[in-house]
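Open your viewer and get ready to pick out helices and a ligand. This tour tells you what to select at each stop and what you will find there.

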Amino acid sequence: MEIGIVGLPGSGKTTIFNALTGSEAEVSAYSGGKKDPNIAQVKVPDERLDKLSQMYNPKKTSPAIIQYVDLGGGLSAKDEKDSMDAILRLLRPCDALVHVVRCFDFAGQPPNPQEDFENFEAELLLTDQMIVERRLERMEKELKKGKKGNPKEFELLKKAYELLDSGRALREDEEISNAPELKGYTFLSAKPCIVVLNLGEDADPSQFDVDLPEGVSVVKIKGSLEMELSQLDEEEAEMFRQDMGIQEPATYMLIRESYSLLGLISFFTVGEDEVKAWTIKKGTVAQKAAGRIHSDIERGFIRAEVVAFDDLIAAGSYQAAQKAGKVRLEGKDYVVQDGDVINFRFNV
Ligand SMILES: Nc1nc2c(ncn2[C@@H]2O[C@H](COP(=O)(O)OP(=O)(O)OP(=O)(O)O)[C@@H](O)[C@H]2O)c(=O)[nH]1
Ligand SMILES: [Mg+2]
């Protein structure tokens, strides 16, 4: 999974990026223009994977991975077409956006999270509207020339335009945000969005709230504090957390929120070589899930041998789970459940 970190200049994007990834990217005092994005990958923490790894003692344990991309300077560099295109190229593969909103005093400016949120949201909408407009114009020209184009795409773009024009994000419309005809466009406001309220170290989180449009979720993170903690070694960080009554690293909370917002679940494959977590959308059927591992396994799918994580752990071993009748054979249309341990049988 890939997540793009966006927000107004100086809102603390790089600070949050560092907090989430344990990186030490340079935090600028309002430098803006930096061109190169910061990119880092984090492992998705999952106790179930740890337990399976204890059971199998494999050569390799592979957690799910999230990649975070922090865009230097935000969207506001869009006066040059080049940089806008560069931003879109970076954000295209992202499954979701984290929108960082400043909730700390900066350079004598008190925070105004509601206004900041709305301003940046408006930038997202405007960016999309420009893309839609450009495309519609071109399509209309081609229509006049007698070219047919794709009528469905045309109709969806019109609908998108109206939505944006009324100040609403494309993510609010299920048809538009999922339409295969619009996949190629990288509409930023169509991506699921989590707002991170970036709080100062001493802030009382209950003091900050923002009214958000439908489908946008919010987490509160003390960015610079979490950044410092993430740069300590595990033990030290844990001591500080206990002292301060912080239950877990902010990154855990954000990952959970991302999974829930995107409707993601995990299944596991196990063996002596590798125990691995895989991320899929809720509702994915067994044959499609197999395709995450390899297209050959999807194509040659015969059956899925499935045992629920809890049943496997309760039984103590795979053989014991089989004896207890907990290992089922499922067909290609079986809907994979969170925590399923799956052995795919296939034939190529
Ligand atoms: N007090 C306080 N300051 C913060 C916090 N987060 C960021 N800052 C400060 O705000 C300034 C901007 O932080 P960055 O993380 O560089 O913000 P950014 O959004 O990446 O900035 P650009 O990339 O320039 O758009 C820095 O001086 C940070 O030290 C916070 O939680 N509390
Ligand atoms: Mg930055």
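## Stop one: two crossing helices

H4 crosses H5 in a left-handed way; left-handed here says that the near helix is turned anticlockwise from the far one by less than a right angle, with clockwise being right-handed. Select residues 113–144 for helix H4 and residues 151–165 for helix H5, whose axes come within 9 Å and cross at roughly 145°. Helices (H or I, at least four residues) and strands (E, at least two) are DSSP runs, numbered from the N terminus. Axes are lines fitted to C-alpha atoms, for helices over the stretch in contact, with angles from 0 to 180 degrees between N-to-C directions.

Now show side chains: among those in contact (heavy atoms within 4.5 Å) are Leu 125, Val 132, Leu 136 and Met 139 of H4, and Phe 154, Leu 157 and Tyr 161 of H5. The contact of H4 with H5 divides into 10 nonpolar, one polar and seven charged residues. Ala, Val, Leu, Ile, Met, Phe, Trp, Tyr, Cys and Pro count as nonpolar, Asp, Glu, Lys and Arg as charged, and the others, Gly among them, as polar.

A word on the source: this is a predicted model, where local features need pLDDT of at least 70 and side-chain atom pairs pLDDT 80 or more, while totals for chains, interfaces and linings use all residues. Residues are numbered from 1 along each chain as its sequence is written, chains are lettered from A and ligands numbered from 1 in the order written, and side-chain values use heavy atoms, without hydrogens and water.

## Stop two: the ligand

Select ligand 1 next. Which residues are closest to ligand 1? Gly 12, Lys 13, Thr 14, Thr 15 and Ser 28 are, out of 21 that surround the ligand (near is a heavy atom within 4 Å).

Then look for polar contacts (N or O pairs within 3.5 Å; within protein, one must be able to donate a hydrogen and the other to accept it, and residues adjacent in sequence count only if both atoms are side-chain atoms). A polar side-chain atom of Lys 13 sits 2.8 Å from an oxygen atom of ligand 1, and one of Ser 224 is 3.2 Å from a nitrogen atom of ligand 1. Helix H1 (13–21), strand E6 (193–199) and helix H7 (223–230) each give two or more residues to the shell, and H1 gives the most, three.
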